[in-house]
Number of protein chains: 2
Amino acid sequence: LNDAPLGVFDSGLGGLSVVRALWDTLPGESILYFGDTGRFPYGTRSPEVIRRFARQNARFLLSHGAKAVVVACNTASAHALPELAQALSVPVIGVVEPGVDAALAHRGTGNIGLIATAGTVASRAYEQALARKDSEAHMTSIAAPLFVALVEEGWTNTPATRLIAEEYLKVFNNGTFDALILGCTHFPLLRPVLRDVLGAGVALVDGAEATAHATRELLTTKGLLREGAAPEHRFFVSDAPEKFAILGPLFLGKAFNGAEVVAIEDF
Amino acid sequence: LNDAPLGVFDSGLGGLSVVRALWDTLPGESILYFGDTGRFPYGTRSPEVIRRFARQNARFLLSHGAKAVVVACNTASAHALPELAQALSVPVIGVVEPGVDAALAHRGTGNIGLIATAGTVASRAYEQALARKDSEAHMTSIAAPLFVALVEEGWTNTPATRLIAEEYLKVFNNGTFDALILGCTHFPLLRPVLRDVLGAGVALVDGAEATAHATRELLTTKGLLREGAAPEHRFFVSDAPEKFAILGPLFLGKAFNGAEVVAIEDF
């Protein structure tokens, strides 16, 4: 079982930023990635639909022998994690709790910011996780859907991107925030602009790294760490594999051989 | 049969701008609208997936007795119209041909511009329609996916919208273009900004009105015009009906009673 791959799914290709962090943190693990490009984006969909998609994605990963499932998508983590954790026979980990832990590492005033998709914000999952961990802390959340479109278009650092960032982030620029959680896998690519627009006192928290560390802890605890021969990675998408060739390197930090297409609605 | 509703489908709610134009042009017709909000957007998907979605949408409209089908979505018109026209037992009309006709009404140099989704541009459907109608004319096409996100966010006239429009439209600002086709149902909402950014000599062509006129012609020719009692309109979506209440008035020009939800994958 230890030799089995670590399953990762996302609504699209943004979750590859979590794969990149997993490569850094768990270089021995084989990764099995599914990006639901055929049904992207999740952030504007209803909770029931998101939960149905998450179940299908997890079933696909298990059908390929995944020993654990990382839900790299913030929206799916926010809406579907409790249900998946109950339904699946393998450990499941999401990006919400690790992101909140990483933000609390910078705790000062206890004011934590969140930018995410409309679906993630509406779920209140980050707020609930924060309340469980630190009842004195307080979260302010902003839905920033244009950031997703800007990254998809490759406009990560244009004058328009800066104007949009100024509009979205102005609520966080009053000098009282400890940290801003980047609650969508696309947003770390905007880090230079976000850094410029925000006061230097606000830490930018990327859920990908925090999730990779939490995954290492989980695999260690469960005795599931892989050792031995070089790992093998496989990438699947539900549509438009040619986009993997374009956006993949942006998120993975390097080019990688192609993605295979899967008919996810059959799972 | 004449009393049957006119079916209209779109990838989401943008097609409501076509309904608005149909209300103006064909005030006696009952409209049966399906917005595929659960699978929006189509503009980034592959041709095969778009054709499958279009078939399901048309089957749903026919199951409710539609006497004709208007494909209000540019991406679906571009990829699926020939197949639908062959497969369906009722007349089918798309937005591409009417949009090209409307642009050619402004013909001078024969340089016609197009802004659309990536899927519509890649299909070359507008270019092919133009070539069939006027072999001396020439089309320049730009994919403008951020415009969709800006309209969905309600940012139809902000400084960032203007910067993005300046970037997308600069190729059309050399004084040689007769007309710019707004090849996505969302784009007419950006008309004030587009008007400001473009030189006054370029006509802005909205496919919605042209499609409504072509639909009136078609119904007249086929003897399918409705007469008599007040028409009845029904609106269906595949997810998130609450968005209909928010975006609907933007596209329809007035508020309307709610949308019903349909499980489109069953059709």
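**Cavities, symmetry and sheet in a predicted two-chain model**

By class, four nonpolar, three polar and three charged residues make up the lining of the largest cavity. (Ala, Val, Leu, Ile, Met, Phe, Trp, Tyr, Cys and Pro count as nonpolar, Asp, Glu, Lys and Arg as charged, and the others, Gly among them, as polar.) The model is predicted: local features need pLDDT of at least 70, side-chain atom pairs count only at pLDDT 80 or more, and totals for chains, interfaces and linings use all residues. Residues are numbered from 1 along each chain as its sequence is written, chains are lettered from A and ligands numbered from 1 in the order in which they are written, and side-chain values use heavy atoms, with hydrogens and water left out.

**Cavities**

- The whole structure holds three cavities of 30 Å³ or more (a cavity is a set of points, on a 1 Å grid over the protein atoms alone, where a 1.4 Å probe fits but cannot get out; lining residues have an atom within 4 Å of a point).
- The largest cavity has a volume of about 110 Å³ (the space filled by probe spheres set on the points, which are joined across faces, edges and corners).
- Its lining includes T44(A) and R45(A) from chain A, and G12(B), E152(B) and K243(B) from chain B.
- The second largest cavity has about 80 Å³ of space.
- Its lining counts 15 residues; N74(B), L182(B), D206(B), G207(B) and A208(B) lie nearest its centre.
- In chain B, α1 (16-25), β7 (179-183) and α10 (207-221) each give two or more residues to that lining (helices are DSSP runs of H or I, at least four residues; strands are runs of E, at least two; both are numbered from the N terminus).
- The largest share, three residues, comes from α10(B).
- By class, the second largest cavity is lined by eight nonpolar, six polar and one charged residues.

**Symmetry**

- Chain A superposes on chain B by a rotation of 180° with 0.0 Å of shift along its axis, at RMSD 0.0 Å (least squares on C-alpha atoms of residues with pLDDT of at least 70 in both).
- The two copies are thus related as by a two-fold rotation axis.
- In chain A, A160(A) comes closest to the rotation axis, at 2.4 Å (C-alpha).
- The same surface serves both copies: 100% of chain A's contact residues recur in chain B (contact means heavy atoms within 4.5 Å).

**Sheet in chain B**

- Six strands form an open sheet with parallel pairing, in the order β4-β3-β1-β2-β9-β10 (strands pair if DSSP finds at least two bridges between them).
- β4 (92-93) and β10 (260-261) of chain B stand at the edges with a single partner strand each, so one side of each has no neighbour in the sheet.
- Strands β2 (residues 31-35) and β9 (residues 234-237) of chain B pair in the parallel sense over four bridges.
- Y33(B) has F235(B) as its bridge partner in β9(B).

Note on methods
On a 1 Å grid over the protein atoms alone, a cavity is a set of points where a 1.4 Å probe fits but cannot get out, and a pocket is an open set with protein on both sides within 12 Å along at least five of seven lines; lining residues have an atom within 4 Å of a point.
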